[in-house]
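Open your viewer, switch to a cartoon view and keep the selection tool at hand. We will go from stop to stop, and at each one you will hear what to select and what is there.

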Amino acid sequence: MVTHYSDATPHIGSPRMTVIGTGYLGATHAICMAVLGFEVLGLDVDPAKVEALASGRVPFFEPGLPEKLREALDSGRLRFTTSFDEAAAFGDVHFICVGTPQQPGSHAADLRYVDSAFTELATRITRKVLLVGKSTVPIGTAARLTELVHSVSPIGDELELAWNPEFLREGFAVEDTLHPDRLVFGVSSEWAEAQLRRAFGPILDEGTPLVVADTATAELVKVAANSFLATKISYINAMAEVCEATGADVNLLASALSFDDRIGGRFLKPGLGFGGGCLPKDIRAFRARAEELGVGAAVAFLGEVDAINIRRRTRTVDLARELAGGSLAGVRIAALGAAFKPNSDDVRDAPALDVARMLYLEGAMVTVYDPEANVNAHRVYPDLDFADSLDEAVTDADVVMLLTEWDEFRQADPVELGELVSARRIVDGRHALDATRYREAGWEYRALGRPSVAATMALPQHARDAVA
Ligand code: UDX
């Protein structure tokens, strides 16, 4: 069923919402809540972000979000501010969506922005409202913050706190926010649950599954889900390592596993592994918190998951070196992709960019091209060269590396590309290309976990589609 929300009007008695922190998560949440019919005030301490959003500009790449921002602003239900006084006076339900990055020099999460957001709000709150954390935090944070806000708020213990983890994927942020596969409410009272039920009314009305839990469980759901996904990816990449030692083909293996419904094909795609602003930092912070709780052994395997993931990057560089004849010094390399995944301009912990950096450090002449992430990538690694198009990147390349599986790269014609490069050698870091077509067009094709010569069995389309 497709639900059109554009005619949504605020219901009498609907909670007025604020969204504190308008980064990826917060901006999407604020925009979607306004589209659903609520009055929303977004707050950020960065005036540039507030100005961009208020003038209809999304300060990051996310398909479909600019159109929703326009719709929300046109409705008159969405505004932005830098003032905590204004936010505290306005909201009945406050969603806190600030970042929880990895602490420098440690695996633990840096909670300074979360603490500051809750404190700034709580000190200004003079009537009963609900503070809802959405940021990904270590277990126990909600309990600690509850004590904190009670101690600083003029209404003391009356101020309630809930946790509502967010599962949105970059590239699908609008869809995941408007039509999530589940909602989780971590609450301490029936009143808090009732507030959240009203705040998510239009989504619950669609039949979205809801789990109501205590705050600790709600915090844990998020890190447990991301740990599971990371483990699944590293599992298939560990199998790729075994394949490399035995001449087996990890693509065929993944497809054969995927037909078992208990395993399933999603997040079983082998290659360069996971990156981004969530999975890597979340598994590290989870381990750090589990150690503090005295249950480090229970999630020690996440260290292995991390290590397998990082090894994929060095192994990809190994493949490039092998293809280049043993040394990367002076080798011209086209690095296709910088974002941590397609349909995103996010380069946080991006495997693609990490590989480009390692190639550069070994003396290769690296030209990076990403359809959306060149600007962000250049900011992080200004020493790398950047091209404005796929053709420009591959022209005269000695080795081509597919590092982020954008459609533009998947759909490129191996014959046409072959005419631009100086040598037809390609590393398919994402198992995204049709090896047979490349080999037929005269390319030396290599991918992690696959035999270096043409496999005798071609993978049929239905088997390729099963793993994604
Ligand atoms: C993730 C979770 O999916 C989301 O629920 C959570 O809220 C935030 O973290 P996101 O970081 O947007 O979302 O990316 P995701 O689509 O999960 O991909 C993560 C990484 O895993 C990417 O680098 C991707 O390339 C890689 N990946 C994914 C694989 O290597 N193989 C796969 O089979 C799937």
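Select Ala199, which sits in helix 8 (residues 190-199). Keep in mind that this is a predicted model. Is Ala199 buried or exposed? Ala199 has a relative accessible area of 0%, so it counts as buried. Now show what is around it: leaving out neighbours within four places in sequence, Ala199 is in contact with Pro15, Met17, Met33, Phe38 and Phe95. For a sense of scale, add Val347 to the selection. It is 148 residues away from Ala199 along the chain, and the two C-alpha atoms are 33 Å apart.

**Next stop: the nonpolar cores**

Select Val40, Leu69, Leu78, Phe95, Leu196 and Phe200. These are the residues with the most contacts inside the largest nonpolar core, which has 43 residues. Colour helix 1 (residues 24-35) as well, since nine residues, the largest share of this core, come from that helix.

Now zoom in on Leu69. Which residues does Leu69 contact, leaving aside its neighbours within four places in sequence? They are Ile31, Leu53, Gly56, Arg57, Val58, Leu78 and Phe80. Apart from the largest core lies another one, of 32 residues; to find it, select Val137, Phe167, Ala218 and Ala225, which are among its members.

**Next stop: strand 6**

Pick Glu160, found in strand 6 (residues 160-163). Its relative accessibility is 16%, and because buried means under 20%, Glu160 counts as buried. Show side chains here and look for Ser189: a polar contact of 2.7 Å links the side chains of Glu160 and Ser189. Not counting residues up to four places away in sequence, Glu160 also touches others, including Lys128, Leu130 and Trp191.

**Last stop: the ligand**

Select the ligand and display its surroundings. How many residues surround the ligand? There are 20, and the closest are Phe167, Glu170, Lys269, Phe340 and Lys341. You have already met Phe167, as a member of the 32-residue core. Colour helix 10 (residues 215-246) too: it provides four residues, the largest share of the shell around the ligand. By kind, the shell splits into ten nonpolar, three polar and seven charged residues.

Finally, try the distance tool on oxygen atoms of the ligand:

- A backbone N or O atom of Glu170 is 2.7 Å from a ligand oxygen.
- For Gly275, a backbone N or O atom is 3.1 Å from a ligand oxygen.
- With Arg430, a polar side-chain atom is 3.4 Å from a ligand oxygen.

Switch on the surface to end the tour: the protein covers 92% of the 680 Å² of accessible area that the ligand has on its own.

Note on methods
Residues are numbered from 1 along each chain as its sequence is written. This is a predicted model: local features need pLDDT of at least 70, side-chain atom pairs count only at pLDDT 80 or more; totals for chains, interfaces and linings use all residues. Side-chain values use heavy atoms; hydrogens and water are left out. A nonpolar core is a set of buried Ala, Val, Leu, Ile, Met, Phe, Trp, Tyr and Cys residues joined through side-chain atoms within 4.5 Å. Buried means under 20% relative accessible area, exposed over 50%, partly exposed in between (1.4 Å probe, protein chains only). Helices (H or I, at least four residues) and strands (E, at least two) are DSSP runs, numbered from the N terminus. Contact means heavy atoms within 4.5 Å. A residue is near a molecule or strand if one of its heavy atoms lies within 4 Å of it. A polar contact is a pair of N or O atoms within 3.5 Å; within protein, one must be able to donate a hydrogen and the other to accept it, and residues adjacent in sequence count only if both atoms are side-chain atoms. Accessible areas come from the Shrake-Rupley method with a 1.4 Å probe; for residues, only the protein chains shown count as cover. Ala, Val, Leu, Ile, Met, Phe, Trp, Tyr, Cys and Pro count as nonpolar, Asp, Glu, Lys and Arg as charged, and the others, Gly among them, as polar.
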